Amino acid sequence: MPGPAFAMGDTVSLHPVEEEDYEFIQRGRNEPSTRVPLTDTTIRSRSDVEEMFEDDTEYHFLVCADGDKEEPEPVGVVAFPWVSDGDSGSLMYWIASEHRREGYVSEAVELVLDYVFRECGFHKVTARVLVTNDASIQTLESIGFEREGHFREDNFYDGEWVDAYQYGLLSHEWLD
């Protein structure tokens, strides 16, 4: 059961990651349809997942669907696994395959952007996405991210080298 929510949207809530969430995160990260687009070649053990949450300079949030259930159901993760000087971060997110295409990513990203820009004082958020990941490209652009770069053969994906796009969003673009 997820801990208390710190941000609530219409259909999702964001929760701090607790130890009891590790099994869900391990299962989700190891699923090929999640792991491969994240270009994560490591199959995560329980101890690997525990280590992911030891660094207190990173931001990781459990995304839960609130729906009509009595308890919120974990559906994914939104995170800033790379934070620079506390004023910028690189966004990462995933939703479990059985919950994709339900709008959870967009709402979760919007909630976390409000948090990092309004409360944490971030100046910029970046995101890198494979050129083959149309869903993430569409999500980032619909939220207001601007494409800032094109990295040729940047990631090894599904047996071959593929390009990636770099996206960015500035605080004044989000807050205005």
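**Pocket, sheet and cores of the predicted model**

The largest pocket is lined by 44 residues, and Leu38, Tyr93, Trp94, Asn133 and Ser136 lie nearest its centre. Many elements contribute to this lining. Two or more residues each come from α2 (32-35), β4, β5, α4, β6 (124-130), α5 (134-143), β7 and β8. The volume of the largest pocket is about 1,200 Å³. Its lining is mixed in class: 19 residues are nonpolar, 16 are polar and 9 are charged. The model is a predicted one, and all values here are computed from it.

An enclosed space was also found. The count is 1 cavity of 30 Å³ or more. The largest cavity holds about 30 Å³ of space. Its lining consists of Val63, Val77, Val78, Tyr93, Trp94, Ile95, Tyr104, Val105, Ala108 and Val109. The elements giving two or more residues to this lining are β4 (73-84), β5 (88-95) and α4 (104-119). Helix α4 provides the largest share, 4 residues. By class, the cavity lining has 10 nonpolar residues, with no polar and no charged ones. Tyr93 and Trp94 thus appear in the cavity lining and also among the residues nearest the centre of the largest pocket.

The strands were examined next. An open sheet is formed by 8 strands, in the order β1-β2-β3-β4-β5-β6-β8-β7, with mixed pairing. Strands β1 (7-8) and β7 are the edge strands, each pairing on one side only. At one edge, β1 pairs with β2 in the antiparallel sense over 2 bridges. Here Ala7 stands opposite Leu14 of β2. At the other edge, β7 (residues 146-157) pairs with β8 (residues 160-170), also in the antiparallel sense, over 8 bridges. Gly149 faces Gln166 of β8 in this pairing, the two standing opposite each other. The two strands form a hairpin with 2 residues between them. In the turn, Asp158 has a positive phi of about 50°.

Nonpolar packing was then traced. The largest nonpolar core has 34 residues. Leu14, Val78, Leu91, Leu113, Val125 and Phe145 have the most contacts inside it. At least two core residues each are supplied by β2 (12-16), β3 (59-65), β4, β5, α4, β6, α5 and β8. The largest share, 9 residues, again comes from α4. A second, separate core has 14 residues, among them Met52, Leu62, Val77 and Met92.

Leu91 illustrates the contacts of the largest core. Beyond four places in sequence, Leu91 touches Val78, Ala79, Phe80, Val109, Val112, Val125, Thr126, Ala127, Leu140 and Phe145. Of these partners, Val78, Val125 and Phe145 are listed with Leu91 among the residues with the most contacts in the core. Val78 and Val109 also line the largest cavity.

Ala65 was considered separately. This residue lies in strand β3. Ala65 counts as buried because its relative accessibility is 6%, under the 20% cut-off. Outside its neighbours within four places in sequence, Ala65 contacts Thr11, Pro72, Glu73, Val75 and Tyr104. One of these partners, Tyr104, belongs to the cavity lining as well. Ala65 and Asp176 are 111 residues apart along the chain, and their C-alpha atoms are separated by 28 Å.

Notes:
Residues are numbered from 1 along each chain as its sequence is written. This is a predicted model: local features need pLDDT of at least 70, side-chain atom pairs count only at pLDDT 80 or more; totals for chains, interfaces and linings use all residues. Side-chain values use heavy atoms; hydrogens and water are left out. Two strands pair if DSSP finds at least two bridges between them. On a 1 Å grid over the protein atoms alone, a cavity is a set of points where a 1.4 Å probe fits but cannot get out, and a pocket is an open set with protein on both sides within 12 Å along at least five of seven lines; lining residues have an atom within 4 Å of a point. Grid points are joined across faces, edges and corners, and a volume is the space filled by probe spheres set on the points. Ala, Val, Leu, Ile, Met, Phe, Trp, Tyr, Cys and Pro count as nonpolar, Asp, Glu, Lys and Arg as charged, and the others, Gly among them, as polar. A nonpolar core is a set of buried Ala, Val, Leu, Ile, Met, Phe, Trp, Tyr and Cys residues joined through side-chain atoms within 4.5 Å. Buried means under 20% relative accessible area, exposed over 50%, partly exposed in between (1.4 Å probe, protein chains only). Contact means heavy atoms within 4.5 Å.
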